Every structure is written in C-alpha cells, then in structure tokens.
Amino acid sequence: MGEVNRRDFLSTLGVSVGTALSATAGAALPVVGVAHAQEKPKGNIPDTPFKIGHMTFFSGPAAVLGEPMYRGQLLASEEINAQGGLLGKRKIEVLKADENAGTDANVKELRRLKLSEKIDFFCGITSSGNTPALGPVAEELKLLTIFVDGCTDLLFDKAVPNPHYIFRVTNMQSADGVTAAVAAAQTWPKAKKIAHIHPDYSYGRNAFDHWTITFKKLMPQAENVSEGWPKLGTTDFSSHITKAIASKPDLLATSVWGGDYVAFYKQALRYGMFSKMKVASMIAFGVAPHAIGKDHPEGIIAGVHSNYHFTYPAGDRWPYNKTFVEKYNKRFNEYPNFQAEGGYTATYLLKSAIERANKLAGGWPEDDAIIAMLEGLMMAAPAGYVYIRPDNHQGYKDAVTGFSKNVAEYPFPVLDPDRIITIPIRNITAPPGWPKGEPTSTYTWIDKTWPKVKA
Amino acid sequence: MSVSPLALAARSPRRTLLYALPVIAVLLVLPWVADQYSTILLAYGLVMAIAALGFNLLLVYTGLLSFGHSAYFGVGAYAVAMMVKYLKVSSMELFVVGAIVASAAVSALFGFVCVRYTRIFFSILTLALSQVLWSLAFKFFWITGGTDGLRVPTPSLLGVTPGGDKIAFLARGYYYYVLVLFLACAAVMWVIVNSPFGKALQAIRDNETRASFVGVQIWRCRWVAFVVSGVFTGLAGALWVPLNGLTTPDILHWQFSGEIVFMTVLGGFRTFAGPIVGAVVFNYLKTYAVGYTVYWQLLLGVILVTLVLSLPTGIVGMVERLTERVRRRRATAS
C-alpha cells in the first residue's frame with residue numbers, strides 16, 4: 001500500500017462534517033407520517049401478555065447512562081400497547097432488573113427471569129463486562145434477546161461467535177474508538193503527543209486499542225505519552241488528571257463514561273486541564289443530556305458512543321427523530337440519550353420482525369421465525385437507518401460524534417449543530433467474512449487494509 | 001448469648017444423623033418435585049454452604065474472623081478456568097482435584113503469614129492478601145480475562161459428557177454431583193470439629209495460654225485449620241464455576257468475603273448447621289432481593305443490621321431458642 005494524503009484518505013472514509021439543519025420556521029415542509037400503520041394480523045393471536053425482561057443500571061454511577069435505556073423501551077411499549085399490543089393483541093409488560101448487582105448475580109437473575117418469570121424476550125444491558133457473561137446464558141436458555149448496549153466486540157468475536165437467539169442493536173464498541181480518533185485526526189491534524197485516560201476494564205482497553213491503531217494509520221507522527229487507567233466507578237480522578245497534564249500532551253483521549261465522566265470533567269476543570277490540551281472523548285455525551293452542566297467546556301469532541309445524539313438528525317429532515325424526542329420529553333420530562341434510542345429501536349425491531357413473521361405464516365410466530373426476520377432486517381429508527389447483519393446479529397448504523405457547545409434552547413450543552421461529524425459505518429468496521437482477529441476483527445482489519453498516511 | 005458453642009458439638013453422631021436424615025431425604029427428592037430453576041438455585045446454595053462451613057471452622061471453632069475467604073473461593077474457581085483455558089481439561093473430577101491442590105497451596109502460604117496474628121490484625125491481613133489476588137486477576141487480563149473473566153463450558157461428570165440442554169444438566173446431573181460433595185464435606189467437617197484436633201482448636205479459642213500449657217501447638221493447629229478452611233472454600237469455588245458459566249474477579253473481591261461472613265451470621269455461627277442454613281437462605285434472599293427491587297442493597301443492609309441487633313444467634317440459634325422455650329413450657333404444664 002502506497003502512502004496517501006490524510007485529507008484524501010479521510011474523504012474516502014466518507015467523513016462528513018455538516019450542519020444539522022434546524023427546521024426553518026414557517027417553511028411548508030410536507031408532514032411525513034411516522035405512525036406505524038398496522039395491517040390486520042393473520043390467524044389466531046393469543047391475548048396473553050408479552051413479557052420483556054429489561055436489565056440495566058438502576059443504581060450506581062452508571063445509572064445516568066443506563067437507565068434511559070429502560071425509559072426508551074417503556075415508551076415504545078406504551079405506544080405499542082396503546083394500539084392494542086403486539087399484533088394488536090399481546091400487551092407488553094416490562095420487568096425491571098438492576099444490572100448493578102454484579103456479573104454473577106446478573107447471570108442468576110437472567111435465569112430467574114426466563115425460568116421463573118417466564119419472560120418471552122430479554123433486553124437491555126449497558127456494561128460491556130456483562131454481555132459476554134449473559135450472551136451464552138441467553139443462548140443456553142433459548143431466550144430471544146436484543147442487547148441494547150454492552151457493545152464489546154468480544155461478544156460476537158469470541159463469546160458467542162455463532163449467535164442464534166441473541167442480537168445487539170447499538171454500534172459495535174470498536175466503532176467508538178475509531179470514530180473518536182478519525183474525528184480528532186481531522187480536527188487537530190498537527191497533534192503529536194497524546195495522553196489517555198480510560199476506565200480500567202475491557203471497554204477502556206478497547207477504546208484505547210482502536211484509537212491507537214487508527215492513529216497509527218492516520219497520524220503516524222503522533223505518539224502516546226501518558227496512560228491513566230482509573231477503576232470503573234471511581235470518584236477521584238485527580239492523580240490521573242495531574243499525570244496527564246504533567247506529560248504536556250497536545251491532545252487527551254478519554255473513554256470515561258456515565259457518572260464517572262461527570263466527576264471527571266468537574267475535577268479536570270479545577271486543574272484547568274481543558275485549557276492546557278485538546279480533548280477527544282468517545283462517550284462524554286453518552287449520559288442522559290441533563291447530567292452534564294453548562295460548566296462543561298466547549299469545543300471538545302464529546303462522543304456519543306458513536307451512536308446518537310438527540311439533536312441529530314434535526315428538525316423535519318428526519319421526522320422519526322423529531323417525534324421520538326418530543327414524545328420522550330413529554331413522557332419523562334427529559335431528553336433521550338443513545339441508550340434511550342437503543343431501547344426504543346430494539347422494541348420496534350422486535351415488533352417489525354414479529355409482524356413480518358406473522359404475515360408469512362399467520363398466528364403468533366415461533367421464536368425461530370422472529371429470528372429469521374430479524375436477521376438482515378433494516379429499519380428506519382430515530383437515529384437513522386439501522387441494519388442487523390445476519391452473520392453476527394450485530395446492529396450497524398452510521399457513526400456520529402461532534403463538538404460540545406452551549407446553546408440557548410437547552411439547559412445543558414449539546415453537540416454543536418453546525419459541526420456534526422458522521423461516518424458511514426461500513427468504512428470503520430470489519431466487513432462480513434473478515435476472520436475473527438485479536439484483539440478484535442476491526443483492529444486487524446484496520447491494521448491490514450488501511451493505508452498509512454504521509455506524516 | 002445463651003447458647004454455648006460447645007453445646008452442639010457435644011451431640012452424639014447418632015443424634016446428629018437423626019436430625020440430618022430427613023433433610024437429606026428432602027434434598028434427594030427435590031429435583032423430582034421442584035422446578036428446574038429452584039433446583040439450580042438450591043445447588044448454588046449448597047455450594048455456598050460448603051464455603052461457609054469452611055469459613056466457620058476458623059470463625060467459631062478457632063476464633064479467627066477471616067475477611068479474605070474470597071481468595072480461596074476465587075483460587076478454586078480460577079484454577080478450574082485456567083485448566084480449561086490452558087490445559088483443555090473438561091473432567092469435573094480433575095477440576096475438583098486441581099482446585100483442592102491450588103487452594104491448599106495458596107491457603108498454606110497465606111495461612112503461614114496470617115495465623116501469627118489474631119483478632120483485627122488477622123482479619124486485616126486476610127483481607128489485604130485477598131485483595132492482592134483480586135488485583136492480579138483484574139490487572140493481568142491477558143491471562144485471567146480481566147473483568148470479562150474466563151468462560152467454563154459444561155464439564156463431564158464421572159467421564160460422561162452431557163449432551164444437549166444445559167439447564168436440564170444443571171438441574172439434574174450437576175445438582176446431584178454438588179449434593180454428594182456437599183454431604184461428604186459436611187460429614188468430614190463434622191468429624192473434624194468433633195475430633196481431638198477440633199477440641200484443641202476450641203481450647204485455643206477459649207484460652208490460648210492454658211491451651212499451650214496443656215501442650216497444644218497453637219501456631220500449627222491454627223495453620224492446619226486455616227488450610228482446611230481454605231480447601232473447603234476452594235472446593236466450593238470449583239463447584240460454583242460450572243453453575244455460573246464463567247468466573248470474574250468479583251468473586252475475589254473483599255465484598256464477596258463479606259457475603260460469606262453475612263451468610264454465616266445469618267444462619268448463626270455458633271452452631272454447626274448455622275452456616276449451611278445461612279448460605280442457602282442468603283442465596284435466596286439476594287436473588288429475590290435483586291429480582292424484586294432496585295433497592296436491594298438497602299434491603300440487605302437493613303436485614304444485616306436487624307440480624308445483629310435482634311438475632312445475634314442467627315436463624316438456627318433462634319429456632320433452637322424457640323424449641324427450647326416450647327419444651328420448657330410443656331414441661332412446666334405437665
């Protein structure tokens with residue numbers, strides 16, 4: 001592979017930075033119908049409730065990121081129930097379970113939900129430490145599952161390489177590190193010294209690995225000068241912040257998330273960290289939007305787990321999002337995060353698959369029929385189109401990130417509507433059929449197929 | 001504090017069997033009566049009962065409160081996971097042997113350091129050493145899998161590789177496997193605490209100076225008790241892994257040691273059967289608390305406080321006190 005120019009290569013990745021186009025007042029835009037028009041279902045449908053077990057963080061610092069996932073699913077379920085339920089007959093009941101009980105207790109709880117509560121469908125999960133534990137258990141239980149997050153590549157690379165019952169809707173984790181790195185390379189191409197602060201578990205290491213391999217290709221002149229690995233759930237980041245400052249970096253990459261990130265940025269402000277270096281985060285704005293204060297610095301790359309921010313796509317360009325945000329705000333008096341969108345979309349994916357299966361065979365479809373319909377399903381959702389790849393049951397949608405900015409409309413910072421960055425997902429994740437790699441398939445795919453740009 | 005810890009230990013083997021037989025019969029029949037989920041949950045409880053029995057040998061019979069028993073449980077579990085990952089072993093019998101050897105080695109080493117101290121110093125040392133193991137499992141992720149842990153597939157039992165449904169396997173074959181080992185462990189522990197060695201431990205607990213005058217080798221007895229306790233807990237760890245399907249650093253964390261202490265206090269650590277009852281009940285309690293409320297930590301905390309304040313002798317102690325009271329009332333009535 002010959003050397004290429006950075007700008008040329010970024011344009012082949014399809015990275016676009018553009019305005020999110022807010023709706024022009026008074027413009028006569030056509031009203032696009034997003035009501036899910038329902039055909040009459042075929043055959044006999046039982047009217048027993050359809051039980052969903054939903055596990056996410058309801059306590060601890062991860063709850064500000066995870067709990068909206070439950071709300072998203074609840075909202076979708078209430079909408080579906082208002083129309084009579086799934087296939088017009090089966091009302092959805094959502095049972096809550098706290099992911100904060102620990103991996104081992106979660107395994108027990110998942111078994112209890114299936115064997116004792118007899119749930120029909122399992123959904124949720126925030127932490128990437130939990131899907132590799134629960135995925136195999138869901139397969140053992142033959143329990144139809146859509147994980148909303150817990151997006152570690154490990155789940156479908158290694159833990160369950162040939163999934164049957166389990167799916168996942170939000171973007172794969174590797175996309176997170178790559179998206180942040182591509183955005184940073186495009187924004188600050190002269191950065192040379194990079195500091196890292198990542199939570200000390202698989203997610204943080206995944207973010208670090210994919211940032212580093214992407215920078216090796218896009219920013220060969222850059223080097224990692226400092227690494228900080230705070231424990232997940234820690235409240236004191238001062239030693240990591242001072243260590244990063246002491247290494248005098250041009251740029252800090254961080255994947256600290258949830259309540260941890262809120263504590264982190266407030267402490268970093270006290271040390272004046274944001275004025276000493278540029279900052280690129282994978283998941284700063286992944287939390288429920290109101291969890292971030294107006295004191296948050298502007299102009300940092302404030303990632304949304306490469307998935308979704310409620311301000312994009314804006315206005316009437318994508319009515320699915322407009323109506324979703326309005327309904328969510330009306331129901332819960334807050335704005336959705338990417339997890340809320342994930343929980344909402346997962347519920348509609350399920351609904352769509354059930355309806356398709358019913359159309360073919362009539363009656364309430366078997367799990368295997370629902371699975372066959374989910375495989376390869378592509379659907380319009382609030383965030384855009386989401387596609388479920390049939391080989392690994394993983395959801396794919398175009399990656400999104402942007403820059404933090406305070407605007408008058410919201411009491412918290414949002415992504416700068418004029419500088420939203422989007423990347424087509426197929427350009428930053430390993431394609432179907434790519435051999436399983438170490439540490440991830442996407443890592444080896446980038447390493448082997450991306451050119452190194454001229455320094 | 002009305003029940004003397006020696007009162008139960010003095011019971012004759014025949015009388016103990018008389019109490020135990022109906023319980024054993026119920027445990028044997030259960031998988032045919034209860035649903036799969038209850039049976040699996042009970043298997044968890046029995047596994048934890050083995051760990052609690054081991055823990056109690058140190059606490060009540062030797063007078064040493066260990067706050068680091070997660071270490072031996074974790075060593076047992078990780079020994080199994082490592083055997084799967086690096087040696088490609090899949091026989092449960094080899095897992096059990098491997099876990100016993102590994103936990104004996106680690107508890108012999110840790111015990112060597114810890115039993116030189118007693119009271120709070122002993123507790124803190126055991127806690128510190130277990131945290132060392134936790135951080136090793138946490139940090140050396142390329143060996144231990146880090147927070148993702150290591151997966152353990154369905155093992156073969158007595159050379160028979162089970163096929164098909166994992167849930168059916170756990171609720172039948174594996175349940176009986178755990179039950180047999182649990183009964184064996186309970187019997188062995190009963191013999192130990194009623195042996196001259198067990199009496200020596202109790203003598204050390206009651207008065208170290210006098211015990212040494214009678215010729216009891218204090219340091220050695222404590223060390224042996226420590227190793228036995230560690231091996232029981234390690235065996236429990238090995239039996240727990242196939243139930244859970246994977247092992248994570250959580251089971252090496254001091255909070256898990258705290259759960260073992262909680263179980264023992266809940267059941268009543270002054271009796272032989274207390275830790276067994278406590279482990280089984282705690283397992284149900286935590287599972288249902290997590291399942292039914294997001295405030296499960298609060299609920300468990302309130303139970304622990306209530307327990308310490310109003311039922312210091314635990315469930316078994318309370319039942320004994322009640323039966324004693326009924327018996328006395330009957331005696332005065334007649």
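The following paragraphs describe the parallel sheet and two hairpins of chain A, the surroundings of one buried residue, the contact between the chains, and the packing of three helices in chain B.

The structure is a predicted model, in which local features need pLDDT of at least 70 and side-chain atom pairs count only at pLDDT 80 or more, whereas totals for chains, interfaces and linings use all residues. Residues are numbered from 1 along each chain as its sequence is written, and chains are lettered from A and ligands numbered from 1 in the order in which they are written.

Chain A contains an open sheet of five strands in the order β3-β2-β4-β5-β6, with parallel pairing; here helices (H or I, at least four residues) and strands (E, at least two) are DSSP runs numbered from the N terminus, and two strands are taken to pair if DSSP finds at least two bridges between them. The edges of this sheet are occupied by β3 (92-98) and β6 (166-168) of chain A, each of which has a single partner strand, so that one side of each is left without a neighbour in the sheet. From one strand to the next the twist averages 20 degrees. Strand β4 (residues 121-124) of chain A is joined by three bridges to strand β5 (residues 145-147) of chain A, the two running parallel, and it also pairs in the parallel sense with strand β2 (residues 50-56) of chain A, over four bridges. Within these pairings, A:F121 of β4(A) stands opposite A:I52, while A:C123 and A:G124 stand opposite A:I146 and A:F147 of β5(A), respectively. In a regular strand the side chains alternate between the two faces of the sheet. Both faces of β4(A) are covered, since A:F121 and A:C123 on one side and A:F122 and A:G124 on the other are all buried, a residue being counted as buried if 20 or more other C-beta atoms lie within 10 Å of its own, exposed if 12 or fewer, and partly exposed in between, with C-beta atoms placed from the backbone.

Antiparallel pairing is found elsewhere in chain A, where four bridges join strand β12 (residues 378-381) to strand β13 (residues 384-388). These two strands form a hairpin with two residues between them, and A:M378 has A:Y387 in β13(A) as its bridge partner. Strand β13(A) pairs in turn with strand β14 (residues 395-396) of chain A, in the antiparallel sense and over two bridges, with A:Y387 standing opposite A:Y396 in β14(A). This second pair is likewise a hairpin, with six residues between the strands, and A:H393 in its turn has a positive phi of about 60 degrees.

A:I213, located in helix α7 (residues 202-218) of chain A, is buried, with 23 other C-beta atoms within 10 Å. When residues up to four places away in sequence are not counted, A:I213 touches A:Y443, A:I446 and A:D447, where two residues are in contact if their C-beta atoms, placed from the backbone, lie within 7 Å. The C-alpha atoms of A:I213 and A:D447 are separated by 6.8 Å, although the two residues are 234 apart along the chain.

Between the chains, 23 residues of chain B are in contact with 28 residues of chain A. On the side of chain B, two or more residues are given by each of α3 (36-61), α8 (166-171) and α14, and the largest share, four residues, comes from α14(B). This side divides into eight nonpolar, nine polar and six charged residues, with Ala, Val, Leu, Ile, Met, Phe, Trp, Tyr, Cys and Pro counted as nonpolar, Asp, Glu, Lys and Arg as charged, and the others, Gly among them, as polar.

Helix α14 (residues 274-292) of chain B also packs against helix α13 (residues 254-267) of chain B, at an angle of about 115 degrees and with the axes 7 Å apart, which makes α13(B) roughly perpendicular to α14(B). Axes are lines fitted to C-alpha atoms, for helices over the stretch in contact, and angles run from 0 to 180 degrees between N-to-C directions; those under 35 degrees count as roughly parallel, over 145 as roughly antiparallel, 65 to 115 as roughly perpendicular and the rest as oblique. The residues in contact include B:F262 and B:M263 of α13(B) and B:I276 and B:V277 of α14(B), and the contact as a whole divides into nine nonpolar, four polar and no charged residues. With helix α16 (residues 314-333) of chain B, α14(B) packs at an angle of about 120 degrees, again with the axes 7 Å apart, and the two helices are therefore oblique to each other. Here B:G274, B:V277, B:G278 and B:V281 in α14(B) meet B:G314, B:I315, B:V316 and B:G317 in α16(B), a contact that divides into four nonpolar, four polar and no charged residues.
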